[in-house]
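Me: I would be grateful for a close look at the helix packing in this protein. Please take the contacts one pair at a time and set them in the context of the whole chain.

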Amino acid sequence: MSIVETNPLSSRDRLQAAGRIVVKIGSALLVDQASGKLRRQWLEGIAADVAAIKARGQDVVIVSSGAIALGRRHLGLPKGVLKLEEKQAAAAVGQIRLSHAWQDVLGEHGLTTAQILLTLDDTESRRRYLNGRSTMATLLRLGAVPVINENDTVATSEIRYGDNDRLAARVAELATADCLVLLSDIDGLYTANPNTDPSARRLDVVTGITPEIEAMAGEPVSGVGTGGMITKVEAARVALAAGCSMVICAGQVERPISALESGANCTWFLADRSPRQARKMWIGGSLGPKGRLVVDEGAARALAQGKSLLPAGVRAVEGEFSRGDAVMVVGPEGRALGRGLIAYGAEDARAIAGHKSGEIEHILGYRGRDEMIHRDDLAIDG
Ligand SMILES: Nc1ncnc2c1ncn2[C@@H]1O[C@H](COP(=O)(O)OP(=O)(O)O)[C@@H](O)[C@H]1O
Ligand SMILES: N[C@@H](CCC(=O)OP(=O)(O)O)C(=O)O
């Protein structure tokens, strides 16, 4: 049975223990349904919450919906379901307003906002995923608050996440976050849709996405947003697999994250591994290696200590592969040491093998990564 009745740790403990938190905000919270206008005061409240988390030294990434809901009014589009091209046009108009609003409210707290618009391809294609990951890591290291949305204007139906719950889970994975907060119009997952079933009760904690949990979420709903509970449960599946715990709580209150920390109702979906462990399991287990790197004794020792693989320690590069592919790493006597995602294609890897990282730019004509395989992208055996 995967449903636990009580939550041994408080939400405050869980949120404060996280190094990196992704907060997903649905359209219905950001945009007033009747007027189609931005809910400015509410936005100021959430900005204050974000600033408080940042002040504790934690990283925050925001996944903000609302571009379509905000843009449609300015284009004079009718109420009701829009055609895809109308949604795309509305998103183009709404996104710029949404980003400005975030910049204003976060700027009040001295925070720098960074806009990232993603398409499904950006997280599903390994190469683009690695680029996104490294940009995200750099922004966070420099103290910015990334505000992310789907790039609705270019994403057509086959290549869309379609809802920001799943996008948020992919972002949590991309950012190696350990906590994903879904601010919703409801305070958690209920045993059935509480709007139609008065006997439905809210779960405090879920530890695995079983068919029973999926059945509770029911069918997707539509309104100003998209999704419903099923997309949140799917998001939980992705987040938990990435070692990121997820919480659903009500977002309508003035400072929803403060409210959560003060004990507001919610449902926690608890991960059973850390994001780092999850990533290593994924690299070690599910990716077929496309090539082999033979490393020297010094590099083998460094890898065993959890360090990155530098080009200087690579003696030979075998096989054909692209940047971001999985490769085997073997020691000087051919002993398998583990696997990793390589930062260079085969040709460039051969060119820089045996050279110091400082020579990369001179050899390749561009300044690539210092590491052949970064330690976060390595799964070393034993
Ligand atoms: N088992 C369930 N528990 C909670 N809500 C459910 C459940 N099944 C369906 N729902 C519906 O899903 C809605 C939340 O999804 P949605 O409105 O898309 O949220 P958001 O706008 O925050 O993304 C709830 O308000 C409720 O109507
Ligand atoms: N990317 C879209 C939002 C899609 C979406 O999932 O909305 P919601 O269900 O309100 O989180 C937009 O900005 O309008």
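Reply:

**Helix packing**

In this predicted model, helix α3 passes helix α5 in a right-handed crossing. The residues that make this contact are L43, E44, A47 and V50 on the α3 side, with A101, V105 and L106 on the α5 side. By class, six of these residues are nonpolar, none is polar and one is charged. Helix α3 covers residues 40–55 and helix α5 covers residues 84–107; their axes lie 9 Å apart and meet at an angle of about 55°. Since an angle between 35 and 65 degrees is neither roughly parallel nor roughly perpendicular, α3 and α5 are therefore oblique to each other.

Helix α5 also packs against helix α4, which is formed by residues 67–74. Here the axes are 6 Å apart and the angle is about 100°. This value falls within the range of 65 to 115 degrees, so α4 and α5 count as roughly perpendicular to each other. From α4, the residues A67, I68, A69, L70, G71, R72 and H74 take part. They meet K87, A90, A91, A92, V93, G94, Q95, R97 and L98 of α5. The contact of α4 with α5 comprises nine nonpolar, four polar and three charged residues.

A further pair is formed by helix α8 (residues 164–174) and helix α10 (residues 229–241). Their axes are 8 Å apart, at an angle of about 10°. Because angles under 35 degrees count as roughly parallel, that description applies to α8 and α10. On α8 the contact involves D165, R166, A168, A169, R170, A172 and E173, and on α10 it involves T231, K232, E234, A235, V238 and A239. Six nonpolar, one polar and six charged residues make up this contact.

As for the chain as a whole, the domain assignment gives domain 1 as residues 3–272 and domain 2 as residues 280–380. The centres of the two domains, taken over C-alpha atoms, are separated by 35 Å.

The model also contains ligand 1, which is surrounded by 19 residues. The closest of them are G26, S184, Y190, N193 and M229. Classified in the same manner, the shell around ligand 1 holds ten nonpolar, eight polar and one charged residues. M229, one of the closest residues to the ligand, also lies within the residue range 229–241 of helix α10.

Key. Residues numbered from 1 in each chain as written. Chains lettered and ligands numbered in written order. Predicted model: local features only at pLDDT ≥ 70, side-chain atom pairs only at ≥ 80, totals over all residues. Near = placed C-beta within 6 Å. Nonpolar A, V, L, I, M, F, W, Y, C, P; charged D, E, K, R; others polar. Domains from an automatic or database assignment. Axes fitted to C-alpha atoms, helices over the stretch in contact; angles between N-to-C directions. Helix = DSSP H or I, 4+ residues; strand = E, 2+ residues; numbered from the N terminus. Parallel < 35°, antiparallel > 145°, perpendicular 65-115°, else oblique. Left-handed = near helix turned anticlockwise from the far one by under 90°. Contact = placed C-beta atoms within 7 Å.
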